[in-house]
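Reader: I would like to learn how to read the features of a protein model, one after another. Could you take me through this one slowly?

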Amino acid sequence: MTQAVDTSLQIGEIGEIFNISMSSASNAVAEILDKDVEISTINVEMQLCKNTDFKQFEPSIFSEYEFTNGLKGKSLLVFTKQSIKDIVSILLQKNFFNEEFILEEINESAAREVLDQMMAACYSALANFAGNEISASTQRLIESVDTDSVKFACFDESSNLVVIKFKLEIAEVTKSEFLLILNESQAKELLINFNTRIPNNTNEVIENEVLPQNELFDENIQVDDEFGIRPARLPVFEDTQVHSHSEQEANLKMVMSVQLDIKVEIGDTSKQIQEILQLKPGSVLRLNNQAGSQVSIFANGQLIAGGDVVIVDDYYSVRVADIINNSDIIKIL
């Protein structure tokens, strides 16, 4: 009998990785929609493709992606039609009221713009983890009542899927959920890049053994339950479960190695679209900050410090004047 490999830590790491990556995605969507946006991981589940359904998200709109760098194959985003309608309404500043929302050319273009920016930011953050470029191109954005045809166009019926559920909140507009679906090999490839413990032989047969609920699927594992689903909830920090010192160090090392974008803002303003279209070389934009005011320093889109602009070796730089404490930085990032 082959010894089972405990991969529960890996499941938690998948959730943590995408939680941080979707934080970058939140900032990208917030910038496009000019609204406060929060995207966070709810849970990760391992499911057999043939048993995966999207009833909770019907009527559904799917966004299909083909990886072009870093990973192979396709991934799938699943939204409710209402969520896409809300996103398009904000971007186009159009209230559909009782008008039926149709995914025609203009609405589809608006939806794709937001989703493409969101996933580009997500994959860029993932690339910081992996140490190599990860990118994907949009194949299609479709509304479909035949969810199986969409699912099987992306994944083999007998394959094992990593289904990541996210919470989406757009301030004062919508609270909903959406799914990101990867195949098992893509998830394992991510974990390999992050130096986590991956089984060397995914074809090992495990017989007559009760598997941990959080274990990654093996192609030869027979699922006995009715739906073929093994849920893997994200770790709760208040849990009394004790992890080894080496595991804690590995998690801490992984988190501390994440690269975040640092941006400096000297000021801001707002303009009507008509005024923006009238801009030309020589136009002057007056910002809200007075001359001599401190600039704002953002990490991953979150304000962490203030400082003064200086010149170092002919490069603009910032001397930090005020900064929040480390515990607050960890909380907001």
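Reader: Which residue in S10 is the bridge partner of Ala299?

Author: The bridge partner of Ala299 in S10 is Gln302. Two strands pair if DSSP finds at least two bridges between them, and helices (H or I, at least four residues) and strands (E, at least two) are DSSP runs, numbered from the N terminus. Here strand S9, residues 295-299, and S10 pair in the antiparallel sense over five bridges. The two strands form a hairpin with two residues between them, and in its turn Asn300 has a positive phi of about 55°.

Reader: Before we go on, what should I keep in mind about the numbering and the origin of this model?

Author: Residues are numbered from 1 along each chain as its sequence is written. The model is predicted, so that local features need pLDDT of at least 70 and side-chain atom pairs count only at pLDDT 80 or more, while totals for chains, interfaces and linings use all residues, and side-chain values use heavy atoms, with hydrogens and water left out.

Reader: Over how many bridges do S10 and S11 pair?

Author: Strand S10, residues 302-312, pairs with S11 over eight bridges in the antiparallel sense. Two of the partners in S11 can be named: Tyr316 is the bridge partner of Ile311, and Arg319 is the bridge partner of Asp308. S10 and S11 also form a hairpin with two residues between them.

Reader: What is the phi of each residue in that loop, and are Asp313 and Asp314 buried or exposed?

Author: Asp313, in the loop between S10 and S11, has a phi near 50°, a positive value in a residue other than glycine. Asp314 lies in the loop between S10 and S11 as well, and its phi, near 70°, is again a positive value in a residue other than glycine. For accessibility, buried means under 20% relative accessible area, exposed over 50%, and partly exposed in between, with a 1.4 Å probe and protein chains only. Asp313 is exposed, with a relative accessible area of 67%, and Asp314 counts as exposed at 77%.

Reader: In what order do the strands of this sheet lie?

Author: A general idea helps first: in a regular strand the side chains alternate between the two faces of the sheet. In this structure, four strands form an open sheet in the order S8-S9-S10-S11, with antiparallel pairing. Strand S8 (262-265) and strand S11 (315-323) are the edge strands, each pairing on one side only. Neighbouring strands of the sheet are turned by 40° against each other on average, direction ignored, where axes are lines fitted to C-alpha atoms, for helices over the stretch in contact, and angles run from 0 to 180 degrees between N-to-C directions.

Reader: What is the volume of the second largest pocket, and which residues lie nearest its centre?

Author: The search uses a 1 Å grid over the protein atoms alone: a cavity is a set of points where a 1.4 Å probe fits but cannot get out, a pocket is an open set with protein on both sides within 12 Å along at least five of seven lines, and lining residues have an atom within 4 Å of a point. Grid points are joined across faces, edges and corners, and a volume is the space filled by probe spheres set on the points. The second largest pocket has a volume of about 930 Å³. Its lining holds 32 residues, of which Asn27, Ala28, Glu31, Lys263 and Gly301 lie nearest the centre. Helix H1 (8-33), helix H3 (105-130) and S8 are the elements that give two or more residues to this lining, and the largest share, eight residues, comes from H1.

Reader: How do the residues of that lining divide?

Author: They divide into 13 nonpolar, eleven polar and eight charged, where Ala, Val, Leu, Ile, Met, Phe, Trp, Tyr, Cys and Pro count as nonpolar, Asp, Glu, Lys and Arg as charged, and the others, Gly among them, as polar.

Reader: Is Gly12 buried or exposed?

Author: Gly12, which is found in helix H1, counts as buried at 4% relative accessibility. Gly12 and Asn43 are 31 residues apart in sequence and 9.2 Å apart in space, C-alpha to C-alpha.
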